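Work through the exercises below with the sequence and the model at hand. Each task is followed by a solution in steps.

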Amino acid sequence: MYERILIPIDGSEAAANAIPHALNLAETYGAGLYTVSVVDTDEADESETREAMFDEFEAESREMVEDVIRRAEERDIRTTAGSIAEGKPHRAILDYADVRDIDLIVMGTHGRGGIRYPLRRSVTEKVVRRTPVPVVCVRLGKGEAVGERGNGEEN
């Protein structure tokens with residue numbers, strides 16, 4: 001049913017909580033897992049400012065992407081090299097999904113507290129409204145910490 005699953009990550013609790021769901025879905029369907037982290041440089045007005053913002057967060061973003069890839073490979077899930085994108089997060093996610101012919105997107109529903117470029121609920125909402133592919137939205141329950149639903153079951 002699904003061959004290519006995308007998990008956008010931003011370092012937030014909601015994005016982290018979505019990772020086990022994406023891993024389980026990829027494992028269940030024998031799908032490849034694609035990972036993207038978006039540095040929101042859209043607000044920067046000068047190329048030097050954009051470059052500085054990207055440089056500042058690129059290393060952290062790379063670590064997050066590599067962590068997801070490592071976790072997937074431990075479960076024998078096919079992965080790509082992962083990507084770091086820049087610009088408006090919802091646009092970058094939609095473009096990434098379109099170019100790679102993604103079948104399913106798995107996202108956290110809010111990213112408050114991420115690495116200064118959070119995958120906010122509005123980003124998830126924009127992706128849901130604009131993508132032609134299904135989106136699984138994973139939300140932290142009230143008072144729930146990352147990993148409390150650690151078995152990866154969708155609620």
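**Exercise 1.** Find the bridge partner of Leu6 in strand 2, then describe how strand 1 and strand 2 pair.

Solution. In this predicted model, Leu6 has Tyr34 as its bridge partner in strand 2. Further along, Pro8 is bridged to Val36 of strand 2. Strand 1 (residues 4-9) and strand 2 are parallel and share six bridges. With helix 1 between them in the unit, strand 1 and strand 2 make a right-handed β-α-β unit.

**Exercise 2.** Place strand 2 in the sheet and identify the edge strands.

Solution. Start with the other pairing of strand 2: four bridges link strand 2 in parallel to strand 3 (residues 83-86). Within this pairing, Val39 is opposite Glu86 of strand 3. Next, read the whole order, which is 3-2-1-4-5 in an open sheet of five strands with parallel pairing. Strand 3 and strand 5 (135-138) each have a single partner strand, so one side of each lacks a neighbour in the sheet. From one strand to the next, the twist averages 25°.

**Exercise 3.** Determine which strands are touched by helix 1 and which are crossed by helix 3.

Solution. Helix 1 packs on the sheet and touches strand 1, strand 2, strand 4 (104-108) and strand 5. The direction of helix 1 makes about 150° with that of strand 4. Helix 3 (residues 89-99) lies across strand 1, strand 2, strand 3 and strand 4. Relative to strand 2, helix 3 runs at about 150°.

**Exercise 4.** Decide whether the residues of strand 2 are buried or exposed, and sort them by the way they point.

Solution. Strand 2 (residues 32-39) is mostly covered, with eight of its eight residues buried. Gly32, Tyr34, Val36 and Val38 point one way, while Leu33, Thr35, Ser37 and Val39 point the other way. Both sets are buried.

**Exercise 5.** Classify Asn24 and Glu125 by accessible area and name a side-chain polar contact of each.

Solution. Asn24 belongs to helix 1 (residues 13-29). Its relative accessible area is 19%; the cut-off for buried is under 20%, so Asn24 counts as buried. The side chain of Asn24 makes a polar contact of 2.4 Å with that of Arg75.

Glu125 is in helix 4 (residues 121-130). Its relative accessible area is 39%, so Glu125 is classed as partly exposed. A polar contact of 2.8 Å joins its side chain to that of Arg129. Thr109 is 16 residues from Glu125 along the chain, and their C-alpha atoms are separated by 8.0 Å.

Conventions
Residues are numbered from 1 along each chain as its sequence is written. This is a predicted model: local features need pLDDT of at least 70, side-chain atom pairs count only at pLDDT 80 or more; totals for chains, interfaces and linings use all residues. Side-chain values use heavy atoms; hydrogens and water are left out. Helices (H or I, at least four residues) and strands (E, at least two) are DSSP runs, numbered from the N terminus. Buried means under 20% relative accessible area, exposed over 50%, partly exposed in between (1.4 Å probe, protein chains only). A polar contact is a pair of N or O atoms within 3.5 Å; within protein, one must be able to donate a hydrogen and the other to accept it, and residues adjacent in sequence count only if both atoms are side-chain atoms. Two strands pair if DSSP finds at least two bridges between them. A crossover is right-handed if, with the strands pointing away from the viewer, the path from the first strand over the helix to the second runs clockwise. Axes are lines fitted to C-alpha atoms, for helices over the stretch in contact, and angles run from 0 to 180 degrees between N-to-C directions. Contact means heavy atoms within 4.5 Å.
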